[in-house]
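Subject: Structure for you to look through

Hello,

I am handing over a structure that I would like you to open beside this message. Please take your time with it before you read on.

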Amino acid sequence: MNMKRTLFLILPAVLFISVFMLIPLMIALVYSFMTSDSYGGVTGPATFDAYIQLLYQQDFDGSLIFSTDYLFIILRSVVLAVATTVLCLAIGLPVAWHIVCQSASRRKFLLFLVTMPFWINTLIRTYCWVLILRDQGLINMTLRNLGAIVDPLPLLYNDGSILLGLVYTFVPFMVLPIYSTLERVDTRLIEAAHDLYAGRWQVFRRVIWPLAKPGVVAGAILIFAPALGSFLAPDLLGGGKKLLIGSLIQMQFTSSRNWAFGSALAVLVTATVILTLIVSSRRNKVGEVRI
Amino acid sequence: MIEVRHVSKVFTTMDIGTVTALAEVSLTINDNEFFTLLGPSGCGKTTLLRLIGGFETPSTGEIRIDGVDVAGLPPHKRRVNTVFQSYALFPHLTITQNIAFGLEMLKWSKADIDVRVKEMLSLVRLEGYGERNAAQLSGGQQQRVALARALAPRPSVLLLDEPLSALDLKLRKGMQVELKRLQRETGITFVLVTHDQEEALAMSDRIAVMSAGHVLQIGRPEDIYDDPNCCFVADFIGEANLIPGALLGRANVNIVTIRPERVTVGPGDAPAARIAGTVSEVTFIGPDTLYDIGLKDGTRMRARVRGDRGRFRAEEPVTVHWPDEAERELAS
């Protein structure tokens, strides 16, 4: 009876995940072993061509030359995703701690502020950064009117602006899980640590950080995975000049019409994320985290 | 030695405005003393403890620990340790790591820490529990870990904030004896906060009775019990009869107090009675009989008579007697 009820209750979730996640992933996996045809679809037979394309370029005479172009794009994407995660942690942990230390009514208000960006479409929010950062944007115009600069600063269309956009988008995903972890921490523990001769830094290192860690791990996963595959910030704020893996995948399915290669890239990203999850769950017991 | 001199603490809150938790409190706690701050909740006893610990700063006045003014010294710079009401054991550390925490912060050597942790575990009788987590221990065991953790760095003063309130009655009695033993064996000054007068009487060398931010009386348990200086102390420590002086024909006396066990009850026509009344309730509790007696102006008196076996019945007119030395005249 109990078993039946459990099955019944988890059925919608299982169905949803299978239909909208597992099946598309399977399709991508199958497509990645096929070849793109001239009409934009895919045909058989099964080959490793798409994966070979990751590392080798076909020369005019048909021979394969080792090429690091795509590897470099992947590496840049991973570096940006890691940087995003680290910066979100550097901003999110103090913010979460600050909120936890407030009175109940102030906490509610501050949490409301943290979640407010979710009320506005991500595309619009990201585009706003273009208006702020561009040559005739808010910052450059203000600085020029103040006489601080003559030529506009190159704020937009570089790695920095992409990073800014990513961090801006993902910071709430770090604040919220850390907050929910720290909220359950007895504030007397902080007092007890102080009482036992720990200064501020020691209290942070020996008590707050270990207790916040489950939230940090949850936040890092929530940020690293989507940041790795994101294409909105790189496209709008990076100007599409420097490719990241998210934009590259998107391109394969639209303008390049190379679904096989796009699928191979998508499988690679998914595999990277899953691998990261497995490694971090082994080390940190992610199962204990409640978000 | 802890000297508290004219210390006041005023809290400002957004909804209630200002609250005076402590008003001009002065007291001295001697070395190696088991000193108790006793009072109902909200009397300021915990605030005073937190001021000594350094978790709050006094609004006015000064606190000296071993002759040093501790104003502006944060908790981690005071040789004072606290046993918290909720124990506040670190959930991410083992029992051993919990006890070692303060020693590591004081930069003891690894070898010294190992020796001290073992010593503390045996002092609180928890040998073999070192590798467990706090959550795996019972309330009483967690309490003992909290004690070991606070005593390990050899503080000059140990502060205990209602340490026994979370334990059930039987454990509480056991821990009272245990605390007393620890205090004797370590020779450290213990400052205990409690609202439980029996606990205070059983353990303390001296007690400060507090109410509404004031210290009403300081003294040895026997003195406070036998010689309360006001109605609040008489009533809060043990049971007390509070009789208006006028009722006893003493116009210039406000209140006369007598402990119920010092009162005897005689037949209605007995000579040389203090006062006459009517029995309203009789409760036989084995060795003693409790009489609830109504006096003529409606004041109630309680008498606890040994070996009486219920001589008088409800509604029976009786006389009430007590020796001169059993009563105290109180001004307020």
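Below is what was found, going from the domains of one chain to its strands, its core and its contact with the other chain.

Please keep in mind throughout that this is a predicted model.

I would begin with the overall layout of chain B, which is divided into domain 1, covering 2–235, and domain 2, covering 240–330. The centres of domain 1 and domain 2 of chain B, taken over C-alpha atoms, are separated by 40 Å. Where these two domains are in contact, six residues come from domain 1 of chain B and six residues from domain 2 of chain B. On the side of domain 1 of chain B that touches domain 2 of chain B, there are four nonpolar and two charged residues, with no polar ones.

Next, please look at the start of chain B, where strand 1 (residues 2–13) and strand 2 (residues 17–29) pair in the antiparallel sense over nine bridges. These strands of chain B form a hairpin, with three residues between them, and one of the bridges can be found by locating Val4(B), whose partner in strand 2 of chain B is Leu27(B). Strand 1 of chain B is also joined by five bridges to strand 4 (residues 60–65) of chain B, and these two run antiparallel as well. Here Arg5(B) has Glu62(B) as its bridge partner in strand 4 of chain B.

The largest nonpolar core has 79 residues, and those with the most contacts inside it are Ile52(B), Ala148(B), Leu158(B), Val191(B) and Val209(B). Helix 4 of chain B, made of residues 139–151, gives the most to this core, namely six residues. If we leave aside neighbours within four places in sequence, Ala148(B) is in contact with Ile99(B), Met120(B), Leu121(B), Leu123(B) and Val124(B). There is also a second, separate core of 51 residues, which includes Tyr31(A), Cys88(A), Val171(A) and Ala218(A).

Finally, how many residues of chain B are in contact with chain A? There are 17 from chain B, and they are in contact with 15 residues of chain A. On the side of chain B that touches chain A, strand 6 (80–83) and helix 2 (95–105) of chain B each supply at least two residues, and helix 2 of chain B gives the most, with three residues. That side of chain B divides into 10 nonpolar and seven polar residues, with no charged ones.

Best wishes

Notes:
Residues numbered from 1 in each chain as written. Chains lettered and ligands numbered in written order. Predicted model: local features only at pLDDT ≥ 70, side-chain atom pairs only at ≥ 80, totals over all residues. Core = buried A, V, L, I, M, F, W, Y, C linked by C-beta atoms within 7 Å. Buried ≥ 20, exposed ≤ 12 C-beta atoms within 10 Å, placed from the backbone. Helix = DSSP H or I, 4+ residues; strand = E, 2+ residues; numbered from the N terminus. Contact = placed C-beta atoms within 7 Å. Nonpolar A, V, L, I, M, F, W, Y, C, P; charged D, E, K, R; others polar. Pairing = 2+ DSSP bridges. Domains from an automatic or database assignment.
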